[in-house]
Amino acid sequence: MSLNDWLLFLHVAAAFAVVAAITVFTILVIVGRRIDRPAEAVAVFRVGDPANILVQAGTVLVLVLGVWLAIRLPEYHPWDGWLIGAYVLWAVAGGAGAAAGKEYMRIQKRAQELVAEGRLEPSPELRAELHAARPLVFHLVTTAAVLGLLVLMIFKPGA
Amino acid sequence: MLRPNSLDFPLFLHVLGAMLLVGALVAALTALLYAWRGGDGSATLRRFAFRTLLIAGIPSYLLMRIDAQWIYDREIGSGGKDPDWVGVGFIISDLGALLLIITCILAWRAAKKPTTGGLARTVTVLTGLMLVAYVVAIWAMTAKPGA
């Protein structure tokens, strides 16, 4: 296997890590909308912890390895239009993803506080937090940007 | 390495399905690992893992596999011997289907148990095995050994 083959594998693996993490978050967002018991929220939201590591490592690696590949491969250049579009979407996904993560971590922390206070009954406050539009919008923007990135990577318009 | 533009759409769906499948397996595996020792929330996590495998895992698998066949029929399967990487992909995906169905059935049984036991732990190991196998498939699809 050449260095380019390794770079491509690791670049694609990093992209898989990012999309896998977004998939985990999407599942949690959907499941979270049916939860109103703090203990259940605490149990389920823990599933997002490893996905946080995956998305952070994957986001950095996918960009670094992608630019490295674009420099090494003669048919692509880091300043190609479709790659500039990808950088923009990468930044949008990163910004919106960080904002969504902050929102959901705040909700997770609140659920933990409710459990620590011994309030195990269904919580209207928690339900309202999990149905709020703001974290959902951040998550949807992240998902759309990542989907757009995948479209650019496969279709390579203008390449 | 260049491919015909006509393959872009099925390839997009194939890769998307594979990524969603890996995400579903990561979600299920994480929940099962947290449930491994039992205790508070383990029943919720086992139910979560079963539903994730059933509702997210199986449709993602179908999207990945059907589009793989679409690409194969159009571009690769026109006679002659398949490249090694195609064989690796078929072996992993076809055995993966069997494993996914078995894991779903076991996860359904494990979700009905009051405590985490051997069945749930078997589901955890099988889900981890599938994840490792799909990482090998990602390597085969990108490095294309024998191409």
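Here are a few exercises with worked solutions on the predicted two-chain model above.

Residues are numbered from 1 along each chain as its sequence is written, and chains are lettered from A in the order in which they are written. Since we're working with a prediction, local features need pLDDT of at least 70 and side-chain atom pairs count only at pLDDT 80 or more, while totals for chains, interfaces and linings use all residues.

**Exercise 1.** Work out how H1(A) and H3(A) cross, and what sits in their contact.

*Solution.* Start with the helices, which are DSSP runs of H or I with at least four residues, numbered from the N terminus. H1 spans residues 3–32 of chain A and H3 spans 48–72. Next, take the axes (lines fitted to C-alpha atoms over the stretch in contact, with angles from 0 to 180 degrees between N-to-C directions). They come within 7 Å and cross at roughly 150 degrees. The crossing is left-handed, meaning the near helix is turned anticlockwise from the far one by less than a right angle. Finally, sort the contact by class: 21 nonpolar, 6 polar and 1 charged residues. Here Ala, Val, Leu, Ile, Met, Phe, Trp, Tyr, Cys and Pro count as nonpolar, Asp, Glu, Lys and Arg as charged, and the others, Gly among them, as polar.

**Exercise 2.** Break down the side of chain B that touches chain A.

*Solution.* Two residues are in contact if their C-beta atoms, placed from the backbone, lie within 7 Å. On that basis, each chain gives 26 residues. On chain B, the elements giving two or more are H1 (8–35), H2 (42–76) and H4 (118–143). H1(B) has the largest share, 15 residues. By class, this side holds 18 nonpolar, 6 polar and 2 charged residues.

**Exercise 3.** Is H2(A) mostly covered or mostly open, and what does it pack against?

*Solution.* Call a residue buried if 20 or more other C-beta atoms lie within 10 Å of its own, exposed if 12 or fewer, and partly exposed in between. In H2(A), residues 38–45, 7 of the 8 residues are buried, so the helix is mostly covered. Among them are Pro38(A), Glu40(A) and Phe45(A). The buried residues pack against H1, H3, H4 (81–116) and H5 (124–130) of chain A, together with H2 of chain B.

**Exercise 4.** Find what is odd about the backbone at Lys156(A).

*Solution.* Most residues other than glycine have a negative phi. Lys156(A) isn't a glycine, yet its phi is positive, about 45 degrees. Now place it: Lys156(A) lies in the segment after H6 (133–155) of chain A. Lys156(A) is partly exposed, with 17 other C-beta atoms within 10 Å.
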